[in-house]
2 protein chains.
Amino acid sequence: MPVTLKDVANRAGVSTSAVSRTFTDGASVSEKMRIKVETAASELGYAPNALASSLTTGRTKLIGLVSNNFHNPIFLEVFDLFTRKLQDRGLRPLLMNLSGEPDAVTAVRRLQQYSVDGVIVASSTLSPEFSKAFRDAGVPVVNSFGRFSTEPEVHVVGVDNSECGRMAGRELVRRGYTSVGLLGGPETATSTQDRFRGFSQELAKHPEITYSHTFASDYSFDAGRAEMQRLIARGNLAEAYFCGDDVLSIGALSALADAGLNVPDDIGIIGFNDMEMARWQNFNLSTIGQPIAQIIQASVELIVDMLDEPERAPEVRLFPCKMVERGTLRPLQ
Amino acid sequence: MPVTLKDVANRAGVSTSAVSRTFTDGASVSEKMRIKVETAASELGYAPNALASSLTTGRTKLIGLVSNNFHNPIFLEVFDLFTRKLQDRGLRPLLMNLSGEPDAVTAVRRLQQYSVDGVIVASSTLSPEFSKAFRDAGVPVVNSFGRFSTEPEVHVVGVDNSECGRMAGRELVRRGYTSVGLLGGPETATSTQDRFRGFSQELAKHPEITYSHTFASDYSFDAGRAEMQRLIARGNLAEAYFCGDDVLSIGALSALADAGLNVPDDIGIIGFNDMEMARWQNFNLSTIGQPIAQIIQASVELIVDMLDEPERAPEVRLFPCKMVERGTLRPLQ
DNA sequence: CGTTAGTCTGCATCCGGTTGCAAAACCGAC
DNA sequence: GTCGGTTTTGCAACCGGATGCAGACTAACG
C-alpha cells in the first residue's frame, strides 16, 4: 500500500536507480534529476523503506537495547537518555526486556533475527558472559553500567564501582563515624561485589572503625526496607550505612522512620546513583552519583563507532562518580 | 556474514523453497524433509531474517511504542508490561521517545520507514490528533491511557478519567471534608481536563463544600511541590486535595512537611495512579489506582487483532479505577 | 499393476531497494 | 565541429526469503 521507489520513478519518468540515488547521499545525481525526483517523491509522500534497503546495505540502523531492570526508577532516566541519543543519530532502539527470558542464547537469536546493527546491554546486574554472547555472534556490543575489567572482552562503559565503594567509605570515615555498615544489593550482582570490595578496602585502612556488611535480596525498596528491619531487630546498628542503591536507601529510611530513629541524628545513610528522586525533599538523600548522561553518551558514541569498525579492540570507559551531599549524613564537625 | 537460507539449502542439498517452508508453519513439507533441513539449520545456527521475510509477507512484527513521558515513574511499569506482553506474542517493540520531536508527521514517517505493523501510543497527555495521524497513514494504532470519546476515531484503552475525578470527589465528600481542592496536572493534558470535569461535577452536588482548583505545570514532583508551596503561601488551604498524579502528590507532601503541616491530621491528600511508590511506607499514599496491567493487556490484544483486521471499527475499552485507601486521608468517622 | 488423487518439491518471480558497470550525456578546449 | 574526460543515467543482478505453479512423487484404490 505505501508508496515505493518504483512509484516515484514512474511518476518522475526516470529509472528506479535514479530515485534510489537521490535518497542516498554521496551518490552522483545531477541537480535537475534531484529536483525532478524530489518533487515526485513529495507529491506521493514517499519515504524509503529502511528495512528493504538494509537487505543490500547490511545496515538496519536498529540498535538492540537490552535490560533486565524495569523496576529501578533510575532506569527510566536511562531509557530516556538512550532513546534520545540514539534518535539523534538516526538510530532506532529495539527494546528487549530480559526479565522474562534471561537466557543469553535466545536473546542473541531474537535480536539477530532483526539484524540489529549493534546492541547495548544496559545493566549492572547481568553477568559479563551475557554481553560476550553477542560479541561471539559477531554483533557489536557495548555493556553500559557493566563491570570494569583490565582485560575487557567487550566494550564497557560505566563507573569504577570499587572506587565508588572507596569513596563512600572515605566519606563515612571523614564524618567521624566509628561504626559503619554496608547494605549492599544482591550479592550476585557484579556491581554489588565491586562496591563491596572497594568499601571494605577503604575501611580496612581504619581498624579502629567497626565494620559489618549485609546484602539485600534485590535493588528494590522492599528489599532495602526488609534488610534494615532485620538489622534493627537484631540490635547493635552501626552509626551509618552505605546502601548499594538509592531505592535501597529509601527502603532503609522508611524502616528507620518506623523504628523512630532519626536520620541523620541517630543514624547516617548514604545511597548510590543519585537518581532524580534522591533530591526530593522528602528524602534529601546524600548519595554517590553516577554520571549517567555521560555514560550513555559515551555508550552511544562507542556503538556508533563500532558500526564502521566492528573489530575494534574492546575498550573500557570509566567515568568518575561524585559525592552528592544532602541531608542524610551527620555534618562535618 | 550471518547464515542465510541458501547456506542451509546447500548444506541440506535441497532447494531454498524447501528451507523456507520448513520455517513457515502451515506450509506443506514432508517429515523427512523437515528433519533434513532442521539438522542442517541447527548445525549452521541458522535463524531466518525477520526483516527480509517482511518484504514478501508484509509483516515485520515490529510495534512502535510511542511515548512522551519518560519522567513519571509509572511509565517504567508501563514499559515493563508493554515490552513483556509484546514479547510474549512474538512482537518486538520499537521505542520512540517523543520528548524531542513531538511532531506527529515526522513521527509517523519515522515509524513507517521501519514498516511497523502497528503503533501503540502510550500517553495521557498527547492529543488525540496524534494517534489519528497514524490511522490516517494506514497504520493500526491503539491509544493507551488516552482520552475516552463516544465516537472514537482510533482505538482507545484506558480509564474513564472523569469517572476517576468523580470517584475522588466522592471519597473526599465521604470523609467529611468541608473544603476541598483539585491540584491538577498540566491544564492542556486531556487527562487533567477530564479528571477536573468529573471532580467538579461531583463537588457541584455538594454546594455546602467549598471547592477550588489549580493546575501544576507538569506531572512532576517539582511542579507538585511548587504548586502546593504557592497554595500554602497564599493562605486558606483547603482541608484536602485531589492531586492529578502520585508524583504530584508526593511533591505536595514534601511542601506540606516543610510547612510543618501534618498529613492526614492537618490536611488530606489523595493521589492518582497507584504507582509502586505510592505504597512505600514513607508516603503511604491514598490514591486512585489505574489497572495498568489490564490496560496494557487489552492494548496489546487490540493491536494484535488489528494486524489481521486493520479496518476494524475504532473501539473504546475502559477499565474501572479503584480507590486505594492508605494513610493520607482522615479516617471515616 | 495401472489409475487417480493428494502431497511434496523445485523453479522462477517477486518484495523494495542498492550498486557495479557500461553506455549516454555533458563540458570545455582545440 | 570534434575530441577527450567527467558526470550522469539506466540496465541488470543481487540482498534474504516467500509463494504460485507445474511437475514429481506417494499412497490408495479398483
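# Notebook: rings, DNA contacts and strands

**Entry 1, a buried ring.** I started at Phe242(A), which counts as buried at 0% relative accessibility. The cut-off for buried is under 20% relative accessible area, so Phe242(A) falls inside it. I then looked up Phe199(A), and this residue is buried too, with a relative accessible area of 0%. A reminder to myself before going on: this is a predicted model.

**Entry 2, aromatic pairs.** How many aromatic pairs does a search of the whole structure find over all chains? The search gives 21. I picked out Phe70(A) and Phe79(A), whose rings form a tilted pair, 5.1 Å centre to centre and with 40 degrees between the planes. Is Phe70(A) buried or exposed? Phe70(A) is buried, its relative accessible area being 1%. Phe79(A) has 1% relative accessibility and counts as buried as well.

Back to my starting residue, then. Phe242(A) makes an aromatic pair with Phe199(A), again tilted, with the centres 5.3 Å apart and 40 degrees between the planes. I checked where the two sit: Phe199(A) belongs to helix α9 (residues 190–204) of chain A, and Phe242(A) to strand β8 (residues 240–243) of chain A. They are 43 residues apart, and the pair links distant parts of the chain.

I also found a cluster linked by ring pairs. Its members from chain A are Phe221(A), Trp280(A) and Phe283(A), and those from chain B are Phe221(B), Trp280(B) and Phe283(B).

**Entry 3, DNA strand C.** I counted my way around this strand next and have 27 residues surrounding DNA strand C. The closest are Leu5(A), Ser20(A) and Thr56(A) from chain A, with Arg21(B) and Ser30(B) from chain B. Of the atoms of DNA strand C that come within 4 Å of the protein, 63% are accounted for by sugar and phosphate.

Which part of DNA strand C lies 2.8 Å from a polar side-chain atom of Thr56(A)? I noted a sugar or linking oxygen there. Ala52(A) uses its backbone: a polar backbone atom of this residue is 3.3 Å from a base nitrogen of DNA strand C. Ser17(B) uses its side chain, where an N or O atom is 3.0 Å from a base nitrogen of DNA strand C. The elements giving two or more residues to the surface near DNA strand C are α1 (5–12), α2 and α4 of chain A, along with α2 and α4 of chain B. The largest share comes from α4(A), with five residues. By residue type I wrote down 11 nonpolar, 13 polar and three charged for this surface.

**Entry 4, DNA strand D.** Here I get 26 residues around the strand, and the closest are Arg21(A), Ser30(A), Leu5(B), Ser20(B) and Thr56(B). Sugar or phosphate holds 64% of the atoms of DNA strand D within 4 Å of the protein, while the rest belong to bases.

I listed three contacts with this strand.
- Ser28(A) has a side-chain N or O atom 3.3 Å from a phosphate oxygen of DNA strand D.
- Ser17(A) has a side-chain N or O atom 3.0 Å from a base nitrogen of DNA strand D.
- Ala52(B) has a backbone N or O atom 3.3 Å from a base nitrogen of DNA strand D.

Two or more residues each come to the surface near DNA strand D from α2 (16–23) and α4 (50–57) of chain A and from α1 (5–12), α2 (16–23) and α4 (50–57) of chain B. Which element gives the most? I found α4(B), with five residues. The residues of this surface divide into 10 nonpolar, 13 polar and three charged.

**Entry 5, strands of chain B.** I turned to strand β2 (residues 92–97) of chain B, where six of six residues are buried. Both faces are covered: one side has Arg92(B), Leu94(B) and Met96(B), and the other has Pro93(B), Leu95(B) and Asn97(B). β2(B) runs parallel to strand β1 (residues 62–67) of chain B, and six bridges join them. Leu95(B) is the bridge partner of Leu65(B). Together with helix α5 (residues 74–88) of chain B, these strands, β1(B) and β2(B), make a right-handed β-α-β unit.

Further along chain B, I found strand β6 (residues 179–184) paired with strand β7 (residues 210–215) in the parallel sense over six bridges. Ser179(B) has Thr210(B) as its bridge partner in β7(B). With helix α9 (residues 190–204) of chain B, β6(B) and β7(B) also make a right-handed β-α-β unit.

Notes:
Residues numbered from 1 in each chain as written. Chains lettered and ligands numbered in written order. Predicted model: local features only at pLDDT ≥ 70, side-chain atom pairs only at ≥ 80, totals over all residues. Heavy atoms only, no water. Near = heavy atom within 4 Å. Polar contact = N/O pair within 3.5 Å; in protein donor to acceptor, adjacent residues only side chain to side chain. Helix = DSSP H or I, 4+ residues; strand = E, 2+ residues; numbered from the N terminus. Nonpolar A, V, L, I, M, F, W, Y, C, P; charged D, E, K, R; others polar. Buried < 20%, exposed > 50% of the residue type's maximum accessible area, 1.4 Å probe, protein only. Pairing = 2+ DSSP bridges. Right-handed = clockwise from strand over helix to strand, strands pointing away. Phe/Tyr/Trp six-rings, centres within 6.5 Å; stacked < 30°, edge-to-face > 60°.
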